[in-house]
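Colleague: Hello! Could you show me how to read a helix and a cavity in a protein model?

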Amino acid sequence: MYQHHQGLEDISPSEEVTDTEDNEEEDLGVLDDQRSIILHLLSQLKLGMDLTRVVLPTFILEKRSLLEMYANFMAHPDMFLSITAGATAEDRIVRFVEYYLTAFHEGRKGAVAKKPYNPVLGETFHCSWEVPRDKVKPLVRSNQGSSWEPSRGPNNTQQGADSPADCYTVRFVAEQVSHHPPVSGFYCECREKSMCVNAHVWTKSKFMGMSIGVSMVGEGVLCLLEHDEEYVFTLPCAYARSILTVPWVELGGKVSINCVKSGYSATVTFHTKPFYGGKVHRVTAEVKHNPTNTIVCKAQGEWNGTLEFTYSSGETKVIDTTKLPVTRKKLRPAEKQSRTESRRLWQHVTKSLKDANIDKATEHKHRLEERQRGDERQRTADNKPWTPKYFTKEGEGWIYNSPLWKST
């Protein structure tokens with residue numbers, strides 16, 4: 001019997017409305033009474049200690065779940081969809097790098113470091129984006145002088161059932177698939193473009209004195225079915241700095257993007273600020289053709305500022321992330337969501353935080369955590385391990401149950 005829930009099929013995009021939520025985070029920094037709470041918390045921590053089970057004070061919370069933060073990495077779906085339109089494997093990986101480097105600024109809201117809610121086990125988040133077809137970059141002639149050929153195939157003509165004729169629909173589902181360790185799975189697809197991403201991320205937090213380091217362990221795979229290519233990518237670490245005054249987030253570490261089939265790979269380095277002087281939020285990247293050991297593209301700049309790309313042809317291009325148009329996601333109103341969906345699940349905590357009623361927010365959050373612990377005890381008593389709804393564990397990773405590559 002087929003037991004798996006599909007995920008995307010649970011929801012019709014026609015029920016989804018454009019998100020009006022504007023949870024801008026106030027950049028006030030830490031208030032005096034809050035500072036003493038943080039100091040008290042810090043006094044109990046040891047350097048290098050794993051913070052997974054440490055309950056952090058509610059006032060440092062951002063008004064959204066981590067699952068929704070992952071969805072916000074798709075704030076430029078037009079750039080995402082342009083990847084598969086690259087005429088050559090080189091174009092495609094370069095477009096992926098352009099998309100990847102611009103994905104972080106919207107995922108991080110506000111200058112102040114706040115922590116998204118830790119998703120509870122079984123929590124899910126669904127949304128979609130509509131992308132006008134004329135927004136997606138067409139094929140470009142590559143500098144190898146290869147002939148330009150429009151892509152053919154049945155997928156270019158068919159329409160998504162619910163999408164307006166002049167739009168592509170990109171759909172997203174995320175689920176918290178494990179509690180210890182805390183692992184999120186997310187899956188995103190565009191049927192008309194025959195492309196999808198499957199990823200699993202395990203967040204690990206570590207206490208480092210005046211900062212907290214969060215590593216995102218795991219990887220994602222971008223599948224371009226039209227080209228039969230898979231791009232495996234990893235994610236950077238995030239650091240919450242100066243947690244006693246005005247905390248801010250910086251990204252750090254090396255990530256890789258790799259396409260075995262085409263022999264292209266990219267290394268992206270997020271540079272942490274040196275102790276004295278130096279710029280913040282710096283990022284550099286290079287794209288390499290491994291068989292010939294040639295660098296075909298270099299990039300540098302700031303992931304939340306201006307990025308400059310230099311190509312092997314000698315051409316350059318500048319992307320200003322602050323001026324990129326953000327496509328708002330569409331999702332069902334909270335009252336139409338099921339009880340385990342992020343917005344509905346956390347709605348009381350979010351409302352209390354909005355009303356600046358920290359005690360009430362803490363109370364609601366505590367209730368959710370108690371319920372989660374109760375469920376866990378019950379499962380242990382019944383000897384029934386947790387089974388995710390939309391993802392299945394395969395090796396180290398988690399794979400969405402009905403990905404595009406299984407249905408074509």
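Colleague: Which residues of helix α7 are buried?

Modeller: This is a predicted model, where local features need pLDDT of at least 70, side-chain atom pairs count only at pLDDT 80 or more, and totals for chains, interfaces and linings use all residues. Residues are numbered from 1 along each chain as its sequence is written, and side-chain values use heavy atoms, with hydrogens and water left out. In α7 (residues 347–354), the buried ones (under 20% relative accessible area, 1.4 Å probe, protein chains only) are Val349, Thr350, Ser352 and Leu353. Helices here are DSSP runs of H or I with at least four residues, and strands are E runs of at least two, numbered from the N terminus.

Colleague: Why do the buried residues of α7 line one face?

Modeller: An α-helix has 3.6 residues a turn, so residues three or four places apart point the same way. Down the axis of α7, the buried residues fall within an arc of 165°, taken from the directions from the helix axis to the C-beta atoms.

Colleague: And how many cavities are there?

Modeller: Rolling a probe the size of a water molecule over the atoms shows where empty space is left. A cavity is a set of points on a 1 Å grid over the protein atoms alone where a 1.4 Å probe fits but cannot get out, and lining residues have an atom within 4 Å of a point. Two cavities of 30 Å³ or more are counted. The largest holds about 210 Å³, and among its 15 lining residues, Phe73, Tyr99, Phe186, Val197 and Phe233 are the closest to its centre. Helix α4 gives the most to that lining, three residues.

Conventions: Buried means under 20% relative accessible area, exposed over 50%, partly exposed in between (1.4 Å probe, protein chains only). On a 1 Å grid over the protein atoms alone, a cavity is a set of points where a 1.4 Å probe fits but cannot get out, and a pocket is an open set with protein on both sides within 12 Å along at least five of seven lines; lining residues have an atom within 4 Å of a point. Grid points are joined across faces, edges and corners, and a volume is the space filled by probe spheres set on the points.
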